[in-house]
Amino acid sequence: MIRKIVAFTLFLLISFSGFSQTTEFSIAADKKPLNELLVGLRSQYGFQLSFNDKKLSEYTITANRTFSSEEDLLLFLIKGLPFDLKHTGSVYIIVPKKEKKTKKELIKTTIISGNVVEAGSLEALPFSHIQVNNHALVSDVVGSFSYTSTADTSFRIRISHIGYYIYDTLVFAETGQQFQLVPLSEELPEIIVQNNVIEKATLVGEKPGEIKINHNISRFLPGQGDNSVFNLIRLMPGVLASGEQATDLLIWGSYEGQSQVIFDGFTLFGLKNYNDNISVINPFVVKNIELYKGGFDARYGNRVGGLVNITGKNGNLQKPVFSFNVNPTTASLMLEIPSFQNSSILVAYRQTYYNLYSASDFNIFAPTQPGSGNEKSNNRFNFDFDVYPDNYSFQDFNMKYSTLLNNTDQFYISLYGGGDQFKIAAETETERFGKRQNGSWGTVPYLMKFVNSEYNQQLGGSIFYNRNWSNINNSTFSFSHSAYSKKVSDEFELKNLLTDEASSNNLSGIWNKAKEYALRNQNTVNFYLGHKLEFGASFLVNNTSITNSLNSKPGLQLDTTQTFESLRMLLFAQDHLPIGEKVTLKTGMRLTYQFKIQKAQVEPRFSISYKPVKNATINASWGLYNQYMYKMTNVDKDQNYTWLWVTVNDRIPVLRATHYVLGLNYSNNNLTFNIETFYKRTRNLTRRYYGSRTINNRIIEGYLYSFGDARAYGVDIYVKKDFGGNSVWASYSLSKAEERLAPLTEALPDYSAAPHDQRHEFKIAGIYNLGKFFISANYVYGSGMELIKQVFANETGNVFYSRFDAAVTYQFRPWGKNFEAGFSVLNIFDTQNLKYANMKKIVITQNIGSVSVYSNAVPFTPMLFLKVIL
């Protein structure tokens with residue numbers, strides 16, 4: 001017992017002596033910058049400090065002392081310096097001393113302004129999200145921002161950009177500051193990251209209908225990289241993924257051509273590409289992606305659907321960089337060269353290096369009319385066609401020169417050129433009733449042959465200049481040009497093999513061209529506490545033409561050409577008004593004047609964001625939207641749908657739409673939940689179709705027009721969870737797209753399903769980082785598009801869309817260089833899906849019937865890729 005008492009007493013004495021000990025804090029410095037000394041103390045003793053690194057670096061400390069408390073040490077370090085020490089909770093904040101001011105000085109404004117750039121390359125980061133003392137801002141296209149206050153001299157600033165570590169610090173009132181954000185996926189050994197909070201896959205819910213997308217993660221998704229931009233966009237809620245239409249985006253029930261893709265200020269109309277694996281955007285040159293599904297503000301226009309705004313890289317300002325990528329479809333390279341002071345030249349090139357098409361990509365169903373010598377299935381005769389790929393080639397080129405003037409103003413010239421050509425032939429033999437060599441009639445062999453060719457070309461360019469006025473306000477001036485050409489021809493021949501006579505020779509073709517010229521000015525005036533006014537003017541010219549060729553009978557050739565042109569002047573203004581820290585109002589107006597018809601049209605816009613609690617935001621928007629150049633639905637004599645670019649004139653009306661958007665966003669602990677509802681109504685819908693009419697008792701065949709309207713409505717649900725260096729997200733869209741059209745002389749019918757209508761679409765995707773490995777997978781399910789249901793109305797098989805992809809990417813650094821190697825498998829379960837844009841029906845004769853040609857979407861496709869950055 002005595003031993004237990006002694007042991008217990010000793011334990012109490014040791015414990016008491018331990019608790020009674022005081023922690024001492026020592027410094028030993030010889031002319032050491034104050035900021036570096038504080039960083040060392042924070043690491044050594046666990047101090048929680050907030051200070052302006054740049055300001056404190058101006059002062060040096062020489063001392064060798066020991067202190068009994070943190071506060072005593074910090075007060076000693078700033079003694080005699082123009083700083084005060086504040087204590088908030090467990091955090092010490094070093095702020096500038098406040099001087100006594102006169103009444104006039106008290107109302108003097110303080111300004112903080114600067115540029116957000118990428119650490120290492122100094123690439124500007126446009127449209128970054130910034131919080132200054134809990135007031136939300138967004139940087140402009142060159143990463144600049146400005147905030148004005150009447151009371152604060154120090155600011156708590158938090159900057160986030162998708163795919164980068166969050167920048168969170170305390171700064172003082174100063175203009176022209178530079179804030180460097182470290183990218184998540186790049187290895188920058190010379191940069192020490194002290195905050196591991198990351199904005200990862202997407203950012204939703206900040207504004208109505210807007211999604212910011214992390215392009216840095218797109219290369220880790222399944223695929224070989226050439227279509228990584230659109231692969232990522234198609235996984236977003238509200239963007240139709242079924243049908244794999246990579247030449248256009250169908251967003252929130254919009255038709256082809258009603259949504260716009262903008263790259264560096266000029267419009268990209270699109271190329272055909274191959275099996276959705278090559279897109280018009282080279283992922284090497286992408287810096288920032290913004291998706292607007294609807295309800296967007298007054299800065300954007302000329303579209304009644306959605307909008308994708310892509311900002312291209314400017315090029316590395318610090319050192320030359322060479323990037324190379326090879327995969328089963330293309331080889332691509334990019335070169336970034338710093339030139340002169342604060343200037344860079346970027347050059348990128350892609351092209352296919354072999355014929356991509358094979359016979360397995362196409363299937364041909366035979367006519368629905370009875371015949372002999374063929375197997376009948378579901379009232380359809382199935383012919384085995386041999387498909388002879390003739391040619392497919394793709395290439396595109398980007399070049400950009402950019403420079404910083406006076407370290408604040410930016411100037412660049414961005415150029416793009418791309419094209420692809422495609423040709424495929426299919427033929428089969430069948431037996432039909434026909435003429436024999438001796439002149440008698442009976443069953444004879446026929447050769448059926450189909451040839452389809454298509455050529456697409458896209459050119460674009462822009463000249464851009466951004467001017468900062470006293471580091472507070474700014475103006476941008478730009479000129480852009482975009483040109484697109486699509487030429488398609490179809491030939492069908494039915495030849496009697498005994499007599500070598502063609503009983504049917506159908507040759508048709510269409511050539512569609514579109515051009516856009518735009519001269520724009522935009523200005524931003526910043527007021528107090530995030531309040532700003534944006535206004536500007538534009539002059540736009542659009543030209544389109546359609547040439548039709550038709551040869552349905554021997555010796556009869558018919559060519560018709562229609563041309564369209566529109567000249568417009570645009571004025572816009574928009575007020576961005578924060579009300580406290582919970583409400584933000586945005587009101588805007590666009591005024592467009594059409595010179596040819598001498599008519600002005602107004603497009604008002606309004607949106608509100610309300611934060612009832614810290615982690616939740618309610619968004620709502622309403623607006624009118626006009627479109628002056630769009631894709632008109634074209635239905636040929638065989639009931640094939642194509643979409644052709646036209647420009648409004650006295651016969652083609654302006655598309656007018658009304659958008660209603662309401663959404664709720666909740667984000668906490670790296671979990672994001674977003675739900676958005678939308679309603680869109682589009683008026684002045686135009687459809688061009690092949691038909692007949694009677695004139696002076698004569699039946700005249702040709703193209704006619706019908707007019708009407710469309711409506712789309714639905715809901716998107718989106719959930720995303722980030723954990724560690726990983727992300728998982730899922731979305732579900734429930735929507736309906738309807739239309740009604742009739743000739744001008746007839747009444748409009750009831751609404752019916754639009755060609756692209758699909759009721760359900762579910763998507764899920766995830767990226768898991770395991771050291772140097774990135775493992776990713778995604779799955780898309782669609783209940784089936786209306787156009788596909790109509791084409792295969794007699795089929796008993798399912799027309800739903802289902803595709804599961806997976807990939808593994810490995811990053812390594814041999815010889816100190818960045819390498820990436822990856823393996824992807826597309827459509828793992830080899831589900832037979834149909835492409836929305838590659839279906840064709842050809843009527844031979846009324847007696848023989850018709851042939852339907854369609855293209856499968858991506859089959860089971862394993863692929864490898866290698867990327868090198870030197």
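In this predicted model, Arg299 and Asp297 are joined by a salt bridge, with 3.0 Å between the closest N and O atoms. Neither partner sits at the surface in the sense used here: Arg299 and Asp297 are both buried. Asp297 also takes part in a second salt bridge, this time with the side chain of Lys586, at 3.4 Å from N to O. Lys586 belongs to strand β32, residues 583-594, whereas Asp297 is in the loop between β17 and β18 (307-312), so this salt bridge ties together parts of the chain that lie 289 residues apart in sequence. Lys586 is buried, as is Asp297.

A further group of charged residues is linked through shared partners: Lys207, Glu210, Lys212 and Glu290 form one network of salt bridges. Within this group, the pair Lys212 and Glu290 has its closest N and O atoms 2.6 Å apart. Lys212 is found in strand β14 (residues 210-213) and Glu290 in strand β17 (residues 286-292), and the two residues are 78 positions apart, so that distant parts of the chain are linked. Are Lys212 and Glu290 buried or exposed? The cut-off for buried is a relative accessible area under 20%. Lys212 has a relative accessibility of 5% and therefore counts as buried. Glu290, with a relative accessible area of 2%, is buried as well. Over the whole structure, the count of salt bridges comes to 23.

The chain as a whole gives the setting for these pairs. It has 870 residues, of which 53% are buried. Its secondary structure consists of seven helices and 48 strands. Among contacts between residues with a separation of 6 or more, 65% involve residues that are 24 or more positions apart. The chain exposes about 38,600 Å² of surface, and carbon and sulfur atoms supply 56% of that area.

Asp650 offers a contrast to the buried charged residues. It is placed in the loop between β36 (641-647) and β37 (655-668). The cut-off for exposed is a relative accessible area over 50%, and Asp650, at 72%, therefore counts as exposed. Along the chain, Asp650 and Ile597 are 53 residues apart, yet 7.7 Å separates their C-alpha atoms.

The remaining topic is the empty space inside the protein. Rolling a probe the size of a water molecule over the atoms shows where such space is left. How many cavities of 30 Å³ or more does a search of the whole structure find? The search finds eleven. The second largest cavity holds about 220 Å³ of space. Its lining is made up of 22 residues, and those closest to the centre of the cavity are Gly238, Leu240, Gly253, Ser735 and Gln758.

Which strands supply at least two residues each to the lining of this second largest cavity? They are β39 (698-723), β40 (726-742) and β42 (760-770). The largest share comes from β40, which supplies five residues of the lining. Sorted by class, the lining of the second largest cavity contains nine nonpolar residues, eight polar residues and five charged residues.

Technical notes: Residues are numbered from 1 along each chain as its sequence is written. This is a predicted model: local features need pLDDT of at least 70, side-chain atom pairs count only at pLDDT 80 or more; totals for chains, interfaces and linings use all residues. Side-chain values use heavy atoms; hydrogens and water are left out. On a 1 Å grid over the protein atoms alone, a cavity is a set of points where a 1.4 Å probe fits but cannot get out, and a pocket is an open set with protein on both sides within 12 Å along at least five of seven lines; lining residues have an atom within 4 Å of a point. Grid points are joined across faces, edges and corners, and a volume is the space filled by probe spheres set on the points. Helices (H or I, at least four residues) and strands (E, at least two) are DSSP runs, numbered from the N terminus. Ala, Val, Leu, Ile, Met, Phe, Trp, Tyr, Cys and Pro count as nonpolar, Asp, Glu, Lys and Arg as charged, and the others, Gly among them, as polar. A salt bridge is a side-chain nitrogen of Lys or Arg within 4 Å of a carboxyl oxygen of Asp or Glu. Buried means under 20% relative accessible area, exposed over 50%, partly exposed in between (1.4 Å probe, protein chains only). Contact means heavy atoms within 4.5 Å. Accessible areas come from the Shrake-Rupley method with a 1.4 Å probe; for residues, only the protein chains shown count as cover.
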